[in-house]
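Trainee: Could you please take me closely through one part of this structure, namely its aromatic rings and what lies around them?

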Amino acid sequence: MSYVEIMTKITSTLTFLLTIAYLLYKNYTIDWKLTLIFFAAMFVFDLTTTAINNYIDTKNNHQTLQFNRKTALVIIYILFVVSAGLGLYLAYLTDIVILIVGAICFFAGVFYTYGPVPISRQPLGEVMSGMFYGLLIPFILMYINMPKGTFLTLNYNWDMISFDIMLKPFATLLLFSIIPFSVTANIMLANNICDLDKDIAVKRHTLPYYIGVKRSLYLFAGLYYITYAAVIAMVILKILSPISLIFFLTIFLVQKNINALFKKQEKATTFLSAIKNFIIIMVVNSVLIFISAII
């Protein structure tokens, strides 16, 4: 369905698979019940945010949907209730940390397009998409599958709340998240570069509006290069196996796609360079980590 753009859910799905590969490589016992509940909640909520985005955008731009707006709204409500129900069930099976993080994700997803000052109309889209897809999906997956207290401990009662963060695991998470964060943010960045003139016309001031197309393109390239630096760092720190260095063979394909966007910023053609690079980087890293787990 074009309303929920189910084929575009590679961002969440591939980040999910990358993290599963890492958990297997590190020999953690995966709780498949919790993991599959999380995947279902994540996937359905991804559909929900896309539906909200399309509903609001088509309404503001006086465009039509493939069905009437009442039906479109009902679909949003159903998807939201299902994803919220799954999220609450996951929180019930785990703890308050998942409830808090899940609530933050729901809040950001809804207000990305909805509200008086939507996130999509600000220079925050790249950071927000990168953080929620690239950082919080790995965090939740690792949190529910690693021993309790690996990342943090949260104790509370009527008299006191205590919160402790384990720095080394969190530093590892942040380093690991650089890959999905960067490639996800670049999809949003490429989209905003290609849509700059159209966005300005409807008073949508995204990041390229503030820093310009030239700097946006350099940022686009730089985010890809950072993924290679992150892999080197993780291999040196023994977070990943040396097998992951095979990833560097992809730099020629990635650079070719970077060059395509530098030459022409067109939604119908060169925007796909960001999608291609996302798939290349995420699939190759996931496969290499899976192979490391098997070996």
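Mentor: The following account deals with the aromatic rings and the charges placed over them. The model is predicted, so local features need pLDDT of at least 70 and side-chain atom pairs count only at pLDDT 80 or more, while totals for chains, interfaces and linings use all residues. Residues are numbered from 1 along each chain as its sequence is written, and side-chain values use heavy atoms, with hydrogens and water left out.

The structure contains 16 aromatic pairs. Rings of Phe, Tyr and Trp (its six-membered ring) pair if their centres lie within 6.5 Å; planes under 30 degrees apart count as stacked, over 60 as edge-to-face and the rest as tilted. The pair of Tyr-218 and Phe-262 is edge-to-face because the ring centres are 5.8 Å apart and the planes stand at 65°. This pair joins distant parts of the chain, 44 residues apart: Tyr-218 belongs to helix α8 (residues 207-236) and Phe-262 to helix α9 (residues 251-263). Helices here are DSSP runs (H or I, at least four residues), numbered from the N terminus. Phe-262 has 32% relative accessibility and therefore counts as partly exposed, a class between buried (under 20% relative accessible area) and exposed (over 50%), with a 1.4 Å probe and protein chains only.

Elsewhere, ring pairs connect Phe-16, Phe-38, Phe-39 and Phe-43 into a cluster.

Charges also sit over rings, that is, NZ of Lys or CZ of Arg is within 6 Å of the ring centre and within 35 degrees of the ring normal. Arg-69 lies over the face of Tyr-55, 5.0 Å from the ring centre. Likewise, Lys-267 places its charged end over the ring of Phe-271, at 5.6 Å from the centre.

Key
Helices (H or I, at least four residues) and strands (E, at least two) are DSSP runs, numbered from the N terminus.
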